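Subject: Structure handover

Hello,

Here is the structure I promised you. Please open it next to this email and follow along.

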Amino acid sequence: MALSAGDILAHLPGLPMPGSQPDVAVVIPLYNNAPWVEETLASVRAQALAPAEVVVVDDGSTDGGPDRVDALPGVRLVESPGNGASAARRHGQNLTTAPLIVFLDADDLWDPEHLRLLAAALDTDPDAGAAVGRTQSFLDGDVRQRRRPPRLATTSVDPWDQFPSTFTSTPSSVLIRRRVLESTGGWVQGIIGCADFYTWLRLSERGPLVQNHATTVWRRKHHTSHSARLRSSPDHVLRYIQSKVTAAQSALDSRVRARPDKADESRRLSVAVDTMPAIASGGLASDRDRVSAAAAALEDVLEGFPESRVRAFLRNLTYYLKGLKDAHQSRVFAFLARAWPEDAPRTREALRRFAPAISTPSSGSRA
């Protein structure tokens, strides 16, 4: 059956929760999301596990979104004293008290069973700091097929297994124990576009994370989304990558302190992540020497790591570049394929796999 975005708000069969239902705080940063925020809040009201607190933190919207929120019952609307989504999330965190907290993007949607399933997932492991549900992306206005009703099917997950990629595409999919989040310093500010990446890595230091293998989040893709803006121009791409490197380095330093047995691996990953700005800037500037040197360094430092780690690095790098306009994107990827050194076969194959519509050239080709 074909469904619109609004159809997913229909209630699905529930899952019994053991014992009393926990209190959950929902924090929603809002910045010019007027076309979608009411539907997002409708998905919150439809939750089988009703949240105890719902706070929308406006970060200076100019499109009338706050007025739409203010007219809805059961929602607290506040203004953020800082700038950006991370500051808004932290402000909302400080204004709530429930033992479980989730940060919902103002254009995402939840299945009615989302909170109840994630709370049940956390209940399976008292040491788990957070539970994450699966996310399905959709283009704004698209019609798609509903799959089977979501159910509880959990495994442990370690965000470091996908480093430097972010292990989930949206904060909307993660339910967090407040005490664990606060033990890491709370939602971090000052890391542009990568605060969620940093937060999940820090949470994993305090204990395992649990993943529920059922899609309970729909992530709306549109041209004004935060991730689209961050990757919309070469300058934005480079700032985004440098921010990711800064967040990664800080998380790696913290990992060494928490897990001294991981010190050698962390140092190698630190070197590897340092190559990303050089590869991106070299590709954007058509600088063959810069790309070749950084690619060779990446190949060398990843020696001995599993193929999944190699793929994670190249998948992450190409993700940023895919945000460029088509003609610019194609030129950059074609140049990277030509400039990649022949004696770096593992990373070159990963590049070919994740870069759109290119294949690596034969030996001897020149940029």
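Helices and strands here are runs assigned by DSSP, numbered from the N terminus. Keep that in mind for labels such as β9 or β10. One more point before we start: this is a predicted model.

**The whole chain**

The chain holds 13 helices and eleven strands. It has 367 residues, and 54% of them count as buried. Its accessible surface comes to about 15,600 Å². Carbon and sulfur atoms account for 48% of that surface. Now take the contacts between residues at least 6 apart in sequence. Of these, 80% join residues at least 24 apart.

**A cis bond and two positive phi values**

Most residues other than glycine have a negative phi, and most peptide bonds are trans. Three places in this model are worth a look with that in mind.

Start with P164. This residue sits in the loop between β9 (154-157) and β10 (174-177). The peptide bond that joins F163 and P164 is cis, with omega of about 10°.

Next, go to N32. You will find N32 in the loop between β2 and α1 (34-45). N32 is not a glycine, yet its phi is positive, about 50°. Is N32 buried, exposed or partly exposed? Its relative accessible area is 23%, so N32 is partly exposed.

Then find S286. This residue is in the loop between α9 and α10 (288-301). S286 is not a glycine either, and its phi is about 55°, again positive. With a relative accessible area of 38%, S286 is partly exposed.

**Helix α9 and its two partners**

Two packed helices are described by the angle between their axes and the distance between the axes. Try this on α9, which spans residues 263-284.

Take α12 (residues 326-339) as the first partner. The axes of α9 and α12 come within 8 Å and cross at roughly 115°. Angles of 65 to 115 degrees count as roughly perpendicular. That is why α9 and α12 are described as roughly perpendicular to each other. Their crossing is right-handed. Which residues meet? On the α9 side they are I279, G282, G283 and L284. On the α12 side they are H328, R331, V332, F335 and L336. By class, the residues of this contact are five nonpolar, three polar and one charged.

The second partner is α11 (residues 307-321). Here the axes are 11 Å apart, and the angle is about 30°. Angles under 35 degrees count as roughly parallel. So α9 and α11 are roughly parallel to each other. The crossing of α9 and α11 is right-handed. From α9, the contact uses E265, L269, A272, V273, M276, I279 and A280. From α11, it uses R309, F313, N316, L317 and Y320. The contact of α9 with α11 has nine nonpolar, one polar and two charged residues.

Note I279. It appears in the contact with α12 and in the contact with α11.

**Two residues in helix α8**

Helix α8 covers residues 234-258, and A248 lies in it. A248 has a relative accessible area of 0%, so it is buried. What does A248 touch, leaving aside neighbours within four places in sequence? The answer is F163, F197 and V273. F163 is one side of the cis bond above, and V273 belongs to the contact of α9 with α11. A248 and S165 are 83 residues apart in sequence. In space, their C-alpha atoms are 10.0 Å apart.

S243 also lies in α8. Its relative accessibility is 9%, so S243 counts as buried. Not counting residues up to four places away in sequence, S243 touches I191, I192 and C194.

**Helices α3 and α4**

In α3 (residues 85-95), the buried residues are S86, A87, A88, R89, G92 and Q93. What do they pack against? The list holds strands and helices: β2 (24-30), β3 (53-58), β5 (100-103), α5 (178-183) and α6 (195-205).

Finally, look at α4 (residues 114-123). This helix is mostly covered, with nine of its ten residues buried. They are H114, L115, R116, L117, L118, A119, A120, A121 and L122.

Best wishes

Terms used
Residues numbered from 1 in each chain as written. Predicted model: local features only at pLDDT ≥ 70, side-chain atom pairs only at ≥ 80, totals over all residues. Heavy atoms only, no water. Axes fitted to C-alpha atoms, helices over the stretch in contact; angles between N-to-C directions. Helix = DSSP H or I, 4+ residues; strand = E, 2+ residues; numbered from the N terminus. Parallel < 35°, antiparallel > 145°, perpendicular 65-115°, else oblique. Left-handed = near helix turned anticlockwise from the far one by under 90°. Contact = heavy atoms within 4.5 Å. Nonpolar A, V, L, I, M, F, W, Y, C, P; charged D, E, K, R; others polar. Buried < 20%, exposed > 50% of the residue type's maximum accessible area, 1.4 Å probe, protein only. Areas by Shrake-Rupley, 256 points an atom, 1.4 Å probe, with all protein chains shown as cover.
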